[in-house]
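Subject: Structure for you to look through

Dear colleague,

I am passing on the structure we spoke about, with the sequence alongside. Please open both before reading on, since the notes below are meant to be followed with the model in view.

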Amino acid sequence: MSQEKLQKIETAGFILKPDSPEIKPIFEEVRHRFESRGIRVLLAERSAAMIAEEGIPFETMCAQSDFLVSLGGDGTLLSLVRRSYAWHKPVVGINAGNLGFLADVTIEEVESFLEQLFDGRYRIDRRLMIAGHIQKSSGAKIEFFALNDVVISSPIPSKMVIVNASIEGERFNTYRGDGLIISTPTGSTAYNLAAGGPVVYPLTRAFILTPVLAHSLTNQRPLVVPADFAIELDTEKYEAIATIDGQERYEIEEGDQVFISVAKEDARLLHRQERNYFAVLRDKLHWGDRDW
């Protein structure tokens, strides 16, 4: 477990859940709590425009902040982690709705969280990130990062795709079905779980390959491989798309190749010290048949 701590707790950069101007009073309350502790609050200009306030460019906010805050849900945090990856700043998620797997500080817990932050009673978890790129047959190259997953599927619902998969240059499987999920341990509780893949402890160094509704008489099962393996994918015959963390989409044509490997730097998620992953699993997935 990492013993890493923040070098300074002076400036926090915020983004807000997009298309949600109703979040303004919640943000104002959270900002007040941060500022009352002497923390300068910066707001990214896109979020600021949504609530009719002044903001600063996202890149400037990342550069000037000691840590970053997403106010929204898990999707808002995923977007912030990807977009801020180049600055390698710790990210904390304040959940404006239901308790999330990633954004786990509630509005009611903000005050106690800040107290713990200044007392050093927090932790920074390092989470594996996917670094990938799509090599187009035209020669163009599209690079991306993902915290949760990369999904290869058809742009047309319920239409089959054929995905050829290789590890370290060695072809090992052809997946025929609704798609293929390449997930990190962090993303194992997202689409991977819904598709029948395993839950993997988030600090594990591995990739999970899970077929989605395989059209096969053979028993296609999820596969867990070490994260230092390079994965190569290509499609044939049918149209396909690559979806990154459920938020970015890129077309894949026959002759294109998708390359997936572990990113050089991990994502850094800031959590309350007492946050217990297995308690979150029990709560979110309703494990167990009684109160504990």
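What follows covers the nonpolar cores, then the pockets, and then the salt bridges.

Please keep in mind throughout that this is a predicted model, and that the values below were computed from it.

I would begin with the interior. The largest nonpolar core has 28 residues, and those with the most contacts inside it are Phe14, Phe34, Phe67, Ile94, Leu117 and Leu270. The elements that each give two or more residues to this core are the strands β1 (11–16), β2 (40–43), β3 (67–72), β4 (91–95) and β6 (122–127), together with the helices α1 (24–36) and α5 (110–119). The largest share, four residues, comes from α5. To see how one of the core residues is placed, you could centre the view on Phe67, which, leaving aside its neighbours within four places in sequence, is in contact with Leu6, Ile9, Thr11, Ala12, Gly13, Phe34, Pro90, Val92, Leu117 and Leu270. Apart from this core lies another, of 26 residues, which include Val150, Phe207, Leu209 and Ala227.

Turning to the pockets, the largest holds about 240 Å³ of space. Its lining is made up of 13 residues, of which Leu16, Pro18, Arg46, Ser47 and Arg83 lie nearest the centre. At least two lining residues are supplied by each of β1, α2 (45–50) and α4 (74–83), and α4 gives the most, with four residues. By class, this lining has five nonpolar, five polar and three charged residues.

The second largest pocket holds about 180 Å³ of space, and its lining consists of Glu4, Lys5, Leu6, Gln7, Lys8, Ser65, Asp66, His88, Lys89, Pro90 and Arg268. By class, two of these residues are nonpolar, three are polar and six are charged. Leu6 and Pro90, which appear in this lining, are also among the contacts of Phe67.

The salt bridges come to 18 by the rule used here, and three of them may be worth bringing up on your screen. Asp104 pairs with Arg272, the closest N and O atoms being 3.8 Å apart. This pair links distant parts of the chain, with Asp104 in the loop between β4 and β5 (105–106) and Arg272 in strand β18 (residues 267–272), 168 residues apart. Asp104 counts as buried because its relative accessibility is 1%, and Arg272 is likewise buried, with a relative accessible area of 12%.

In a second pair, the side chains of Glu253 and Lys136 meet at 3.8 Å, N to O. Here Glu253 is in the loop between β16 (248–252) and β17 (257–262), while Lys136 is in the loop between β7 (130–135) and β8 (141–146), 117 residues apart. Glu253 counts as partly exposed, at 42% relative accessibility, whereas Lys136 is buried, with a relative accessible area of 14%.

In a third pair, the side chains of Asp234 and Arg171 form a salt bridge of 3.4 Å, N to O, which links strand β14 (residues 231–235) to strand β11 (residues 170–183) across 63 residues. Arg171 counts as partly exposed, at 45% relative accessibility. Finally, Glu29, Arg33, Arg37 and Glu111 are joined into one network by salt bridges that share partners.

With best wishes

Definitions and conventions
Residues are numbered from 1 along each chain as its sequence is written. This is a predicted model: local features need pLDDT of at least 70, side-chain atom pairs count only at pLDDT 80 or more; totals for chains, interfaces and linings use all residues. Side-chain values use heavy atoms; hydrogens and water are left out. A nonpolar core is a set of buried Ala, Val, Leu, Ile, Met, Phe, Trp, Tyr and Cys residues joined through side-chain atoms within 4.5 Å. Buried means under 20% relative accessible area, exposed over 50%, partly exposed in between (1.4 Å probe, protein chains only). Contact means heavy atoms within 4.5 Å. On a 1 Å grid over the protein atoms alone, a cavity is a set of points where a 1.4 Å probe fits but cannot get out, and a pocket is an open set with protein on both sides within 12 Å along at least five of seven lines; lining residues have an atom within 4 Å of a point. Grid points are joined across faces, edges and corners, and a volume is the space filled by probe spheres set on the points. Ala, Val, Leu, Ile, Met, Phe, Trp, Tyr, Cys and Pro count as nonpolar, Asp, Glu, Lys and Arg as charged, and the others, Gly among them, as polar. A salt bridge is a side-chain nitrogen of Lys or Arg within 4 Å of a carboxyl oxygen of Asp or Glu.
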